[in-house]
Structure formats: C-alpha cells, structure tokens
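Here are a few exercises to work through with the model open beside you. Try each task before you read its solution.

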Amino acid sequence: MTTKFPAPDARPHRAAAEPGRVVVDVRGLHKSYGLTEVLKGVDLQVRAGEVTVLLGPSGSGKSTLLRCINHLEKVNRGTVAIDGELIGYRAAGARLHELREREVLRQRTHIGFVFQNFNLFPHLTVAENLVEAPVSALGVPRAKARERAERLLMRVGLRDKAKAYPGQLSGGQQQRIAIARALAVEPKVLLFDEPTSALDPELVGEVLDVIKDLARSGTTMIVVTHEIGFAREVADTVVFMDNGQIVEQGAPADVLDNPRQERTRAFLSKVL
C-alpha cells in the first residue's frame, strides 16, 4: 500500500556505527483514531545507551507513541526509524510504501516491548516463553536460545522458575519474565508501557530494580511510567506529554525540579 504523504525529511538517519548514534528517531508523528487526533506532530530522538522516560496524564498519547514506534499502530503521517531503518515502510522517492507483515515482524525483533499486563504465553513454561521468539523469529538454534534464556533468568533473579508456568508466578515475577523475554532477541531498544501499573505496591520495587540494572548496563530504553522517583534516578531525558504533544523535555533535574511550562508544573504538583 502506498501512503498519501511524503517523507517529511530527506536527511539521512544516523548510521549505526556512529558514536552516540540516534537509535530511535521519530519525526513529525501524527496518529488519529477516526476524528480523534492522539499524536500531533511528535519529534523524539533517543541515543544509544540513553533512558528516556515519558510522563504525562492519561490520554496524553504516551502509550500510543510507543505502539507507533513498534508499528503496532500505523501512523497517519511522519516516520519512525530504528538505527537508521524506517519502521513499517520503505522510502521510494518522495513516497513511503508500507512493508509486508513478514518484514514488519522482522523489524520488531529489534524493538523489545514490555506491556502493562505481561502478555506471556500461559501454555508455555517460563523457559519456553524466552526461547520461542529467538528460535521462530531469528532462527537461533534451540540449544543456544536455551543458554541465553538461562542467562537472562539469572539476570532477573528467577533462574529457579524456568519450569514454572506464568500462572504460578506473582505479578512482579511475571513482569520480570516479560523483561527477560524482551531481551531474548537482543533488541536495539526496549519499550516499557507502564510496566508497574498492574502490580501490587509491594511488587513494584522488584521490577524497577531490574530496569535500573538495565539502565546501568547501557540498554537503550523508552519508559512510560508514573513513577517520578524512578524517572529522577534513572532517566537521561524526561519527556512530558500532554494532549498528543511534547510539552517539555530535558534532564530530570530541569523538568522535574525546574519545569519551564505551566502545564508541566500543574501536572507535577498533583503527582509529587
């Protein structure tokens, strides 16, 4: 299918080998559902090894932005590139042509996604949940995928749960497994959509600790969350969204402690 809009910028995306390269490059992103415009021209760049935290009220477009980055939602206008590769489309002159689903699925292996409600396969064991995507999507030999799964389970502190089923685990354990599963395909960026919102308060810390460890190791991440303390501690960049637009972005100390915009100040006054 050929889109009806031109590529908004003919400048090349940064090459993958460039130091401090832009891994996630979102330009002029618009997304509507019917007459409701959810994203209104969003621009966002995330460099290798950086953690970007998205804050904002419910309905501000944060989750939709993540889903557009992963092409779970098709955009109406604008582009998303991961490590210089357009997601969901290929450029042909001034037009973009939509990729086939098989090609999009290949692209998604570079983009790990951790959902609010875990989305684990309930009929597979923990280990099988981690092995499935590397084997089926990437063609990794099963033995190698099992070795990788064991290392990841150790990393999230759940090596002893390899033979358990998701239904036998707590919510915090399931979310840690979901993070390990997202890492199993060795993605270029991890997207987190409110990863602690479905958890009981006493389980939030164990999930945030795993994400903090990933941040320390240099994993490129975009995290939608309402955990302001986590954003202050871990984020390189805090982005405040409202009404489908980026209102303010910058270092945590700037956005959280000295916001320039009144809308940001009003939001923070209610959540801090």
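**Exercise 1: The second largest pocket**

In this predicted model, α4 (142-155) and β10 (189-193) each supply at least two residues of the lining of the second largest pocket. Task: find which of the elements gives the largest share of this lining, and sort the lining residues by class.

Solution.
- Step 1. List the residues that line the second largest pocket: R148, R151, L152, R155, L183, E186, P187, K188, V189, L190, T219 and T220.
- Step 2. Look for the main contributor: α4 provides the largest share, four residues.
- Step 3. Sort by class: five of the lining residues are nonpolar, two are polar and five are charged.
- Step 4. Add the volume, which is about 190 Å³ for the second largest pocket.

**Exercise 2: The largest pocket**

Task: describe the largest pocket by its volume, the elements that line it and the classes of its residues.

Solution.
- Step 1. Start with the space: the largest pocket holds about 640 Å³.
- Step 2. Turn to the lining, which has 21 residues; R108, F121, A133, R181 and V185 are the ones nearest the centre of the pocket.
- Step 3. Assign elements: at least two lining residues come from each of α2 (101-108), β9 (111-114), α3 (126-138) and α5 (171-183). The most come from α3, with five residues.
- Step 4. Sort by class: 11 are nonpolar, six polar and four charged.

**Exercise 3: One helix, one face**

Task: work out how the buried residues of α2 are arranged around the helix, and what they pack against.

Solution.
- Step 1. Pick out the buried residues of α2, which are V104, Q107 and R108.
- Step 2. Look down the axis of α2: its buried residues fall within an arc of 100 degrees, so they line one face of the helix.
- Step 3. Identify the partners: the buried residues of α2 pack against β6 (85-86) and β9.

**Exercise 4: Aromatic pairs**

Task: count the aromatic pairs and classify each as stacked, tilted or edge-to-face.

Solution.
- Step 1. The count comes to two aromatic pairs.
- Step 2. The ring centres of F113 and F115 are 4.3 Å apart and their planes are at 15 degrees, so this pair is stacked. Both F113 and F115 are buried.
- Step 3. F240 and F267 lie 5.1 Å centre to centre with 40 degrees between the planes, and their pair is tilted.
- Step 4. Because F240 belongs to strand β12 (residues 237-242) and F267 to helix α9 (residues 262-271), the pair ties together parts that are 27 residues apart in sequence. F240 and F267 are both buried.

Definitions and conventions:
Residues numbered from 1 in each chain as written. Predicted model: local features only at pLDDT ≥ 70, side-chain atom pairs only at ≥ 80, totals over all residues. Heavy atoms only, no water. 1 Å grid on protein atoms, 1.4 Å probe; cavity = no way out; pocket = protein on both sides within 12 Å on 5 of 7 lines; lining within 4 Å. Points joined across faces, edges and corners; volume = space filled by probe spheres on them. Nonpolar A, V, L, I, M, F, W, Y, C, P; charged D, E, K, R; others polar. Buried < 20%, exposed > 50% of the residue type's maximum accessible area, 1.4 Å probe, protein only. Arc of directions from axis to C-beta. Contact = heavy atoms within 4.5 Å. Phe/Tyr/Trp six-rings, centres within 6.5 Å; stacked < 30°, edge-to-face > 60°.
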